[in-house]
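Reader: I'm new to reading protein models and would like to go through one slowly. Could you show me how to start?

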Amino acid sequence: MAARLMSRVVRLKGQRSCKYAQRFLSSTKSEDAEITKVSLTQKLPGLPTPQYATASVHAYDTHVTTLDNGLRIASENKFGQFCTVGVLLESGSRFEAVYPSGIVHFVEKMSFGTTPSWSTKDQILQELEKVGGICDCQGSRDTLVYAASARSNGLDVVMNILSDVVLRPLYPDEQMEDARQAIKFEIEAMHMDPNPEHLLVEMIHAAAYRGNSLGLPRICPEENIPSITRPTLYSYMKGRHHPKNTVIAGVGIEHEKLIELTQKYFVTDKTPVWLAEGETWGQQEIEPRCVSQYTGGILQVEKDLSNVSLGPTPMPELAHVVFGLESCSHKDPDFIAFCVLNMMLGGGGSFSAGGPGKGMYTRLYLNVLNRYVWIESATAYNHAYDDSGLFCIHASAHPSKLRELVEVILREIVFTSSMVYQDELSRAKRQLQSMLMMNLEVRPVVFEDIGRQVLAGSARRTPQFYYDQIGNITERDIQRVASRMLKSKLSVAAYGSLSGLPAYEDMEAAILSKDGRMPSKQSFSLFRR
């Protein structure tokens, strides 16, 4: 009965709406109805003339200027109401060899904090909000990036803030103490995370570059937290944060305007807080560059992960292992080939709902995850730096299957230098090309691409250059770079219950063999390595 009543009400409302519509149409003036007859190619009567964006002949026209003190300014003007601008410094954990490790981690945590112009971070954020802005700071092994996105008409405000937080951070005692607590919590959370990816990245770098440059910890060691002080930070900045190690990059900005504001805020008006009175930024000497030394080796951490996850559906207990081999720097001619090899191996988790578009046809899916159901994950990574690179495969399985997992992954690594099929190579190249072009549609990604390329080589190569380079990679190129990689010493990082982990010598022997197989457990040799 209720349903029948409701249907009647709806029907009456519909009839009433139709009557209102007919009454409205009948009252419409005939000259107003003529608007429906205007062609879509003509301007609508009574409306202002529309203004359209004009396509630039040079789609990627990046301008680069170097000031007298060595500071580089790079920009690309893109149509839009918002811009992204930031400061990139050649400053990271790899440069902390003569300092306590963790300085850049502290700088990152205290970024956009107290300066002579702003007493709190909240004041800076409120000032950015007036121009629709957001900000961020990220430190890595080789770069420290301060960046902000805002409306284009707020560029003056953004550059003023950036110059203050980069050149004149005050680091009061309460802010230092807050950073210490935040880093302690971050370390604790990292060790409690069911997915230990960040920890394993630290471990494989420490194993591959033992005690030097890229092997120094990016995350501040817990024992160094009390020893890092404000004078320590300023001492490091005086040696590394030099104009010749700095790039100011912007997207959606007129180049001349960026030069003008850089000259005003970074050269004329403000002096770095770490310099003595009378000193000029850029007159001090730069600390010598540190050269990475790939060593190889093994780093293992025994830990019970049987109850690492909380909740009603706990994750299975896993043992994690990462294998690493030296690849090349991003300046090396083989860099593109290594990127294609990484895409060809691909990989991921044993469960994925994305279909072939997420890499279901990569080698680590076809030859590993689809064939061995007990393997939880297998993923390839390629870390490229200024003077070296690290090609890795991270895999995980139940601790009882650890030896079998190692054998499967090592065989797959060795097979990279053998047969390469045309269809898998074409698929990897197309996927890499599409990822390159789609990512560069995002303004902050373009900013980082411009800044990092200019910081590394004082110029920016166009995306079309890399697109063509990817397309030129052949099967022989993949085999060549894989063979080059296999000549380096094996690096291993292992985490979890590791009683089933084979000896490092056996794993290294598998890498040097033709079939990637480890020596049998029952084999006996008179001469042991």
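Author: Sure, let's begin with burial: a residue is buried under 20% relative accessible area, exposed over 50% and partly exposed in between, using a 1.4 Å probe and protein chains only. Keep in mind that this is a predicted model, where local features need pLDDT of at least 70, side-chain atom pairs count only at pLDDT 80 or more, and totals for chains, interfaces and linings use all residues. Residues are numbered from 1 along each chain as its sequence is written, and side-chain values use heavy atoms, with hydrogens and water left out.

Reader: Is Arg403 buried or exposed?

Author: Arg403 has 16% relative accessibility, so it counts as buried. Its place is helix α12, residues 402-415. Helices (H or I, at least four residues) and strands (E, at least two) are DSSP runs, numbered from the N terminus. Here's a nice detail: Arg403 and Gly500 are 97 residues apart in sequence, yet their C-alpha atoms are 5.7 Å apart in space.

Reader: Okay, on to strands. What holds a sheet together?

Author: Strands of a sheet pair through backbone hydrogen bonds, either parallel or antiparallel. Two strands pair if DSSP finds at least two bridges between them. In this model there is an open sheet of six strands, in the order β7-β12-β8-β11-β10-β9, with mixed pairing.

Reader: Which are the edge strands?

Author: They are β7 and β9 (347-349), and each of them pairs on one side only. From one strand to the next, the twist averages 20 degrees.

Reader: Can we look at some of the pairs?

Author: Start with β8 (residues 319-326) and β12 (residues 491-496), which are antiparallel and share five bridges. Phe323 has Val492 in β12 as its bridge partner. β8 also pairs with β11, again in the antiparallel sense, over eight bridges, and there Glu326 stands opposite Leu390. Then β10 (residues 375-384) runs antiparallel to β11 over nine bridges, with Ile375 opposite Ala397 of β11. A hairpin of four residues takes you from β10 to β11.

Reader: How many residues of β11 are buried?

Author: Nine of the nine residues in β11 (389-397) are buried. Gly389, Phe391, Ile393, Ala395 and Ala397 point one way, while Leu390, Cys392, His394 and Ser396 point the other way, and all are buried.

Reader: How do I describe two helices that meet?

Author: You fit lines to C-alpha atoms as axes, for helices over the stretch in contact, and take angles from 0 to 180 degrees between N-to-C directions. Angles under 35 degrees count as roughly parallel, over 145 as roughly antiparallel, 65 to 115 as roughly perpendicular and the rest as oblique. Try α10 (residues 335-345) and α13 (residues 422-439): their axes come within 9 Å and cross at roughly 110 degrees. That makes α10 and α13 roughly perpendicular to each other.

Reader: Which residues of α10 and α13 meet?

Author: Contact means heavy atoms within 4.5 Å. On the α10 side you'll find Cys339, Val340, Met343 and Met344, and they meet residues of α13 including Leu425, Ala428, Leu432 and Met435.

Reader: And what about aromatic rings?

Author: A pair of aromatic rings is described by the distance of the centres and the angle of the planes. Rings of Phe, Tyr and Trp (its six-membered ring) pair if their centres lie within 6.5 Å; planes under 30 degrees apart count as stacked, over 60 as edge-to-face and the rest as tilted. By this rule there are seven aromatic pairs. Tyr209 and Tyr294 form an edge-to-face pair, because their ring centres are 5.5 Å apart and their planes are at 85 degrees. Tyr209 sits in the loop between α7 (197-208) and α8 (230-240) and Tyr294 in the loop between α9 (255-268) and β7 (297-302), so the pair ties together parts that are 85 residues apart in sequence. Tyr209 is buried at 0% relative accessible area, and Tyr294 counts as buried at 18%.

Reader: Can a charge sit over a ring too?

Author: The rule asks for NZ of Lys or CZ of Arg within 6 Å of the ring centre and within 35 degrees of the ring normal. Arg94 lies over the face of Phe95, at 5.7 Å from the ring centre. Arg240 also lies over the face of Phe95, at 3.9 Å from the ring centre.
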